[in-house]
Amino acid sequence: MRLNGLNACGEPKLPTGYSMRTASDADANELARLMTGAFPEMEWHAERVTNDLLDDSGVRTTFVIECAGQLTATATERYIPAQFPDAGYLHWVAADPAHRGLGLGRAVTIAVLNAFRTAGSNAAVLETDDTRTAALRLYWSLGFRPVLRAPDNAERWARLQPTVSA
C-alpha cells in the first residue's frame, strides 16, 4: 500500500495512562513479547527484535507505546531507498491484543508518518497481508491505497475494499 503526501497526518492521540517513546536495546525482551502476541504465527525473541527492529541499518526509529511499564504497541520508521527512493517504509505495526481497540495502532502509525515527513519523505509505503482487515481499515482511513503488483491484486482488492473502506 502507498500513501502519497504526508501533510495532514495530525498528532498521535493516546488514551490516558499511555505514553509514546523511542525503543532502546533494553526493550528487546518486552518487544519480543509484544510482537509474539501481535503476530503469533511468527517466532519472535530478543535477538530477532535486535536484528530486525533495533539494529537494522534501514531502521531510523522504533516507536513504542507503553502503559504501566508494559509495551502495548509499536511501529518502525524504516527506509529502503533502493526500492522506495521517495518514501518511508512503515514497518512492523503491532498492538498487544489486550490493548486493541484503543487507537494505539493509529497513534504509533501517525508517529511514524510524521517522522517520514520530518525526514523529507513525500510518501509512505507498507506491506501487509489481506487477512489483517483491522490493519487494512486503519491504513485505508489514513489514505493508503493498494499498489497492484500482480494480476490477481485488482480482484483481491475489489473483494476487500467494502470491508476496509467501511
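**Exercise 1. Classify Arg2 by accessibility and list what it touches.**

Step 1. Arg2 has a relative accessibility of 22% and so counts as partly exposed; buried means under 20% relative accessible area, exposed over 50%, and partly exposed in between, with a 1.4 Å probe and protein chains only. The model is predicted: local features need pLDDT of at least 70, side-chain atom pairs count only at pLDDT 80 or more, and totals for chains, interfaces and linings use all residues. Residues are numbered from 1 along each chain as its sequence is written, and side-chain values use heavy atoms, with hydrogens and water left out.

Step 2. Arg2 belongs to strand S1 (residues 2-4). Helices (H or I, at least four residues) and strands (E, at least two) are DSSP runs, numbered from the N terminus.

Step 3. With neighbours within four places in sequence set aside, Arg2 is in contact (heavy atoms within 4.5 Å) with Asp86, Ala87, Ala123, Ala124, Val125, Gly143, Phe144, Arg145 and Val147.

Step 4. Take Gly143 from that list. Its C-alpha atom is 8.2 Å from that of Arg2, although 141 residues separate the two along the chain. Gly143 comes just after H4 and has a positive phi of about 105°.

**Exercise 2. Give the order of the elements and the share of contacts that join residues at least 24 apart.**

Step 1. There are five helices and six strands. Read from the N terminus, the order is β-β-α-α-β-β-β-α-β-α-α.

Step 2. Among contacts between residues at least 6 apart in sequence, 67% join residues at least 24 apart.

Step 3. Of the 166 residues, 46% count as buried.

**Exercise 3. Describe the largest nonpolar core and name the element that gives the most to it.**

Step 1. A nonpolar core is a set of buried Ala, Val, Leu, Ile, Met, Phe, Trp, Tyr and Cys residues joined through side-chain atoms within 4.5 Å. The largest one holds 32 residues, of which Leu90, Leu113, Phe116, Tyr139 and Phe144 touch the most other members.

Step 2. At least two residues each come from S3 (59-67), S4 (70-78), S5 (87-95), H3 (104-119) and H4 (133-141). The greatest contribution is that of H3, at nine residues.

Step 3. Leu113 touches Leu3, Leu6, Cys9, Ala124, Leu142 and Phe144, not counting residues up to four places away in sequence.

Step 4. A second core, separate from this one, has 16 residues, including Ala32, Trp44, Val49 and Leu54.

**Exercise 4. Find the aromatic pair that Phe116 forms and state which parts of the chain it ties together.**

Step 1. Rings of Phe, Tyr and Trp (its six-membered ring) pair if their centres lie within 6.5 Å; planes under 30 degrees apart count as stacked, over 60 as edge-to-face and the rest as tilted. The count is five aromatic pairs.

Step 2. Phe116 pairs with Tyr79 edge-to-face, at 5.5 Å centre to centre and 75° between the planes. Because Tyr79 lies in the loop between S4 and S5 and Phe116 in helix H3, the pair ties together parts 37 residues apart in sequence. Both residues are buried.

Step 3. Tyr139 and Phe144 make another edge-to-face pair, at 5.8 Å centre to centre with 65° between the planes. Tyr139 is buried at a relative accessible area of 6%, and Phe144 at 0%.

Step 4. Phe39, Trp44 and Trp92 form one aromatic cluster.

**Exercise 5. Place Ser121 in the chain and give its contacts.**

Step 1. Ser121 sits in the loop between H3 and strand S6 (123-125). Its relative accessibility is 12%, so Ser121 is buried.

Step 2. Leaving aside neighbours within four places in sequence, Ser121 is in contact with Leu6, Tyr79, Asp86, Ala87, Gly88 and Phe116. Two of these, Tyr79 and Phe116, are the edge-to-face pair of Exercise 4.

**Exercise 6. State the volume of the largest pocket and the element that supplies the largest share of its lining.**

Step 1. On a 1 Å grid over the protein atoms alone, a pocket is an open set of points where a 1.4 Å probe fits, with protein on both sides within 12 Å along at least five of seven lines; lining residues have an atom within 4 Å of a point. The volume of the largest pocket is about 680 Å³.

Step 2. The lining has 27 residues, and Val93, Ala94, Arg132, Ala135 and Tyr139 are the closest to the pocket centre. S5, H3 and H4 are the elements that give two or more residues. The largest share, seven residues, is from S5.

How values were computed: Grid points are joined across faces, edges and corners, and a volume is the space filled by probe spheres set on the points.
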